[in-house]
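User: I am new to this structure and would like to learn how to read its features step by step. Please begin with a single residue and then move on to broader features.

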Amino acid sequence: IAPMFGFSTASEYYRWSSAGLLLQDVRRPILFVHAQNDPIINASMIKTDDFARSEFLIHCLTYEGGHSMDWCKNVGLNPWIGDVASEFFMAAIENRRLLRH
């Protein structure tokens, strides 16, 4: 597929097709959560240099979680990502309030 779009390698194609090129322009806190045991996006594929360049990008790498960290409770799993996201947003809101004063 990469050559069809003018790229020499799959790596080059994915790098130019990813949001990573735009992350340096982010000016609001964003939480990124990845699981090491994700069967689709291997943890080694995450470009951590994107996160190191900005104080607004928070990267959290968990051991567990697979590809979907928001499993339904009725399948016997505990979907914890909603709690993590809620805590992150509440902290961001509180921090913004503190910075205004």
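User: Where is Leu 57 found, and does Leu 57 count as buried or exposed?

Analyst: In this predicted model, Leu 57 is found in strand 2, which covers residues 57–62. A residue is called buried when its relative accessible area is under 20%. Leu 57 has a relative accessibility of 6%, so Leu 57 counts as buried. Leu 57 and Leu 23 are 34 residues apart in sequence, while their C-alpha atoms are 8.0 Å apart in space.

User: Where is Ile 46 found, and is Ile 46 buried or exposed?

Analyst: Ile 46 sits in the loop between strand 1 and helix 2. The relative accessible area of Ile 46 is 16%, so this residue is buried. From Ile 46 to Gly 20 the separation is 26 residues in sequence and 9.8 Å in space, C-alpha to C-alpha.

User: Where is the place of Pro 39, and is Pro 39 buried or exposed?

Analyst: Pro 39 also has its place in the loop between strand 1 and helix 2. The label "exposed" requires a relative accessible area over 50%. Pro 39 has 68%, and it is therefore exposed. Between Pro 39 and Gly 65 there are 10.0 Å in space, C-alpha to C-alpha, and the two are 26 residues apart in sequence.

User: How many helices and strands does the protein chain have, and what share of its residues counts as buried?

Analyst: The secondary structure comes to three helices and two strands. Read from the N terminus on, these elements run α-β-α-β-α. The protein chain has 101 residues, of which 20% count as buried.

User: Please explain next how a pocket is read. How much space lies in the largest pocket?

Analyst: The general idea is that a probe the size of a water molecule, rolled over the atoms, shows where empty space is left. Here, about 520 Å³ of space lies in the largest pocket. The pocket is lined by 18 residues, and those closest to its centre are Arg 15, Ser 18, Met 45, Ile 46 and Lys 47.

User: Which elements each supply at least two residues of that lining, and what is its make-up by class?

Analyst: Helix 1 (10–17), strand 1 (30–35) and helix 2 (49–52) each supply at least two residues of the lining. Helix 1 gives the most, with five residues. By class, nine of the lining residues are nonpolar, six are polar and three are charged.

User: How should I read salt bridges, and how many are counted?

Analyst: Side chains of opposite charge can pair when their charged atoms come close. The count here comes to two salt bridges. One of them joins Asp 49 to Arg 15, with 3.7 Å between the closest N and O atoms. Because Asp 49 lies in helix 2 and Arg 15 in helix 1, this pair ties together parts that are 34 residues apart in sequence.

User: With which other residue does the side chain of Asp 49 meet in a salt bridge?

Analyst: The side chain of Asp 49 meets that of Arg 53 in a salt bridge, at 2.8 Å from N to O. Since partners are shared, Arg 15, Asp 49 and Arg 53 are joined into one network of salt bridges. Asp 49 is partly exposed, with a relative accessible area of 36%, and Arg 15 also counts as partly exposed, at 23%.

User: Finally, which residues make the nonpolar surface patch of about 410 Å²?

Analyst: Ile 1, Met 4 and Phe 5 make this patch. Phe 5 lies in the segment before helix 1. With a relative accessible area of 52%, Phe 5 is exposed.

Conventions: Residues are numbered from 1 along each chain as its sequence is written. This is a predicted model: local features need pLDDT of at least 70, side-chain atom pairs count only at pLDDT 80 or more; totals for chains, interfaces and linings use all residues. Side-chain values use heavy atoms; hydrogens and water are left out. On a 1 Å grid over the protein atoms alone, a cavity is a set of points where a 1.4 Å probe fits but cannot get out, and a pocket is an open set with protein on both sides within 12 Å along at least five of seven lines; lining residues have an atom within 4 Å of a point. Grid points are joined across faces, edges and corners, and a volume is the space filled by probe spheres set on the points. Helices (H or I, at least four residues) and strands (E, at least two) are DSSP runs, numbered from the N terminus. Ala, Val, Leu, Ile, Met, Phe, Trp, Tyr, Cys and Pro count as nonpolar, Asp, Glu, Lys and Arg as charged, and the others, Gly among them, as polar. A salt bridge is a side-chain nitrogen of Lys or Arg within 4 Å of a carboxyl oxygen of Asp or Glu. Buried means under 20% relative accessible area, exposed over 50%, partly exposed in between (1.4 Å probe, protein chains only). Patches are made of residues with over 30% relative accessible area and no salt bridge: like charges are joined within 9 Å, nonpolar side chains (Val, Leu, Ile, Met, Phe, Trp, Tyr) within 5 Å. Accessible areas come from the Shrake-Rupley method with a 1.4 Å probe; for residues, only the protein chains shown count as cover.
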